[in-house]
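User: Could you take a close look at the salt bridges here and walk me through how they fit together? I'd like the distances and the burial of the partners too.

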Amino acid sequence: MAFRGSCHCGKIAYRVDEDAPAKAMACNCSICRRQGNLHHFTTPEKFHLETPRDAITTYLFNKKAIEHHFCSACGCAPFAEGTGPDGKMMVEINLRCAEDIDLDALEITTFDGAHKL
Ligand SMILES: [Zn+2]
């Protein structure tokens, strides 16, 4: 079953065609430690943006391999897009912006992005 998510104001909303994940990844890199994201990764085929792209502002830094999107109105960052380590396109879902997911029940793995990116 698909799950959905959005920014706070709703100008960015999406659907992911897979079951809601039970796990998430927390990263301590320079942007993730500030945003507090809980990551889930999916493929472009499963990701469906249901709102126009004109509300999206994109932040790039470092190798510019990841498009860090956020809402130009409310500032939330529900997803990002980029190229994975295998060279394929991937979509990062910030589970803090997903609906109907018990964040406290997620099995969290940590990634030492501060030293590995
Ligand atoms: Zn918004």
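Analyst: Let's start with E81, which counts as buried at 14% relative accessibility, because the cut-off for buried is under 20%. Keep in mind that this is a predicted model. The partner of E81 is R53, and the closest N and O atoms of that salt bridge are 3.1 Å apart. R53 sits in the loop between β5 and β6, while E81 belongs to strand β8 (residues 79-83), so the pair links distant parts of the chain, 28 residues apart. Unlike buried E81, R53 is partly exposed, with 45% relative accessibility.

Next up is a network: salt bridges that share partners join R4, R15, D17 and E50. R15 is a handy place to start. Its side chain pairs with D17, with 2.8 Å between the closest N and O atoms, and R15 also forms a salt bridge with E50, where the closest N and O atoms are 3.4 Å apart. That second contact ties together parts 35 residues apart in sequence, because R15 lies in strand β2 (residues 13-16) and E50 in the loop between β5 (47-49) and β6 (56-59).

As for burial in this network, R15 is partly exposed with a relative accessible area of 23%. D17 is partly exposed as well, at 36%, and E50 also counts as partly exposed, at 37%.

For the overall tally, a search of the whole structure turns up four salt bridges, including R15 with D17, R15 with E50 and R53 with E81.

Definitions and conventions
Residues numbered from 1 in each chain as written. Predicted model: local features only at pLDDT ≥ 70, side-chain atom pairs only at ≥ 80, totals over all residues. Heavy atoms only, no water. Buried < 20%, exposed > 50% of the residue type's maximum accessible area, 1.4 Å probe, protein only. Helix = DSSP H or I, 4+ residues; strand = E, 2+ residues; numbered from the N terminus.
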